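Biologist: I'm new to reading models like this one. Please take me through it one question at a time.

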Amino acid sequence: MTTSPAPALDLDLFTDEALLDPWPLYQQIRDTGPVCRLSRLNVWAMGRYAQVRAALGDWETYSSASGIGLNDVANEATRGLIIATDPPEHDRLRGVLAERLSPREIRKLGDDIRRRAAELVGDLVEKGEFDTVTDLAQDFPLSIVLDLIGLPQDGRDKVLTWADAAFSASGPEGPRTDAALPLLQDQLVYLATRATPDQLAPGSMGRAIYEAAEAGKIASESCVPLMSAYVTAGLDTTINAISNAVWYFATYPDQWDAVREDRGLIPSAFNEILRIESPVQFFCRVTTRDVDVEGMVLPEGSRVMMLYASANRDERRWPDPQRFDVRRNPAEHVAFGYGMHGCAGQGLARLEGHSILEALADRVTRFEVGTPQRRINQLIRGLSALPTTVHAA
Ligand code: HEM
């Protein structure tokens, strides 16, 4: 087969308008081809499901080791972070907490997390009115993830701001990235100076990271970046998934009725929330050789945006992709990525999401929400506020 250059598109995914409503631009990218060049940024973008998934499954061709962001400063600052490595370094880092996040270990957390979800939802239902983002979606993962990592109480109030910035810092050069980069540095300094082994809770994941370094399994310089990866990745992602769940169930009450009538639909419903509103919009890869993508050439050294959120709404893969359907069971979505870098915390994220949905299904018959406020972030799509009234069961 002869190859031709990938078609170029002159569009900007990072204006306010695009960040608030990226769907028409993703559609344009998907319609243009299996891969396109975004001429303004001089990067490539993949928006169709089949190509995104295939690329994520081929780390030797699509490498993470040159960074997963769109600017050199962030890619340099995150060098050696688990998400920005290839094997064998990647496997060493991933091995450190693999056992702690395995299905068997996550199951052991089930009773505690379900109890926390029931208590939190119970308190909010008593109030009747609350903000889903700040009172429900943030509180829950924040306490769980930070307790698991074993962070001291002091400084926890800033962790969310830092985690949000750590994602946004990987956008293209510009004022938003300039504002986020110093906060990414602040997070690393906090972890290095305040989350020291003596300050981390005994038996915590944070301690396990330092123990792995003491045992010579990873370099001691890897401890802070590894903690940073889990703190950053484990918060905004789950927070947005929970906020989006309430927003969608308020908008589609018949879908909420379906879940309340059949709790067996909860795993499918949580997947559907992640498919239709993927919290992580993209990460990048860099090609290690010339690649033929469906007859289009992607030269060696190309930085390619893997548009998870677009792939999850690709009409080639999902019939009627804009329709929210809790019975769809889209288990093969790429909201958690796929392949070697596929989300290390997805078992925990699912346990959190399912526990909240179970607790809500026990207590709430209807959600009414005001206008959702969007938080602008260059990598993560989510809400900053969602005024909510609930009708108790
Ligand atoms: C709904 C919630 C979540 C979503 C949507 C999500 C999404 C993702 C995605 C898309 C990736 C792939 C990165 C890539 O392709 O380069 C990833 C990786 C990762 N996630 Fe998650 N995540 C979630 C929750 C969590 C939680 C709760 C934790 C841990 C406490 C976590 C820890 C990680 C880590 C450490 C990686 C890097 C894995 C590697 O590079 O091997 N995530 N996540």
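Modeller: Happy to! One term first: a disulfide is a pair of cysteine sulfur atoms within 2.5 Å. This is a predicted model, so local features need pLDDT of at least 70 and side-chain atom pairs count only at pLDDT 80 or more, while totals for chains, interfaces and linings use all residues. Residues are numbered from 1 along each chain as its sequence is written, and side-chain values use heavy atoms, with hydrogens and water left out.

Biologist: How many disulfides does a search of the whole structure find?

Modeller: Take Cys36 as an example: its sulfur is 14 Å from the closest cysteine sulfur, in Cys284, which is too far for a bond. Cys36 also counts as buried because its relative accessibility is 0%; buried means under 20% relative accessible area, exposed over 50% and partly exposed in between, using a 1.4 Å probe and protein chains only. Across the whole structure, the number of disulfides found is 0.

Biologist: Which residue is the single donor from the protein to the iron atom of the ligand?

Modeller: Donors are N, O and S atoms within 2.8 Å of the metal (3.2 Å for Na, K and Ca), and sites may look incomplete since water is not among the atoms. The donor lies in the loop between helix 15 (308-311) and helix 16 (346-363); helices (H or I, at least four residues) and strands (E, at least two) are DSSP runs, numbered from the N terminus. Its relative accessibility is 27%, so this cysteine counts as partly exposed. The iron's partner, through an SG atom 2.3 Å away, is Cys343.

Biologist: How far is a polar side-chain atom of His341 from an oxygen atom of the ligand?

Modeller: Altogether 25 residues surround the ligand, and His341 is one of the closest; near means a heavy atom within 4 Å. A polar contact is a pair of N or O atoms within 3.5 Å; within protein, one must be able to donate a hydrogen and the other to accept it, and residues adjacent in sequence count only if both atoms are side-chain atoms. For Arg285, a side-chain N or O atom is 2.9 Å from an oxygen atom of the ligand. For His341, the distance is 2.6 Å.

Biologist: Now the sheet. Which strands stand at the edges, each with a single partner strand?

Modeller: Two strands pair if DSSP finds at least two bridges between them. The open sheet has 6 strands in the order 2-3-4-10-7-5, with mixed pairing. One side of each edge strand is left without a neighbour in the sheet, because the edges are formed by strand 2 (8-9) and strand 5 (62-63).

Biologist: Which residue in strand 4 stands opposite Leu38?

Modeller: Strand 3 (residues 36-38) pairs with strand 4 in the antiparallel sense over 3 bridges. Leu38 is also the bridge partner of Leu9, where strand 2 and strand 3 run parallel, joined by 2 bridges. In strand 4, the residue opposite Leu38 is Val43.

Biologist: Are Val43, Trp44, Ala45 and Met46 in strand 4 buried or exposed?

Modeller: Val43 and Ala45 sit on one side of strand 4 (residues 43-46), with Trp44 and Met46 on the other. Strand 4 also pairs in the parallel sense with strand 10 (residues 303-306), over 3 bridges, and there Met46 has Met306 as its bridge partner. Both faces of strand 4 are covered, and these four residues are all buried.

Biologist: Which residue in the hairpin of strand 3 and strand 4 takes a positive phi?

Modeller: The hairpin has 4 residues between the strands. The residue in question is not a glycine, and its phi is near 55 degrees. With a relative accessible area of 48%, it is partly exposed. Its name is Asn42.

Biologist: Last one: how many aromatic pairs does a search of the whole structure find?

Modeller: Rings of Phe, Tyr and Trp (its six-membered ring) pair if their centres lie within 6.5 Å; planes under 30 degrees apart count as stacked, over 60 as edge-to-face and the rest as tilted. The search total for aromatic pairs is 13. Among them, Trp23 and Tyr26 have ring centres 5.6 Å apart and planes at 80 degrees, so this pair is edge-to-face. To repeat the total asked for, it is 13.
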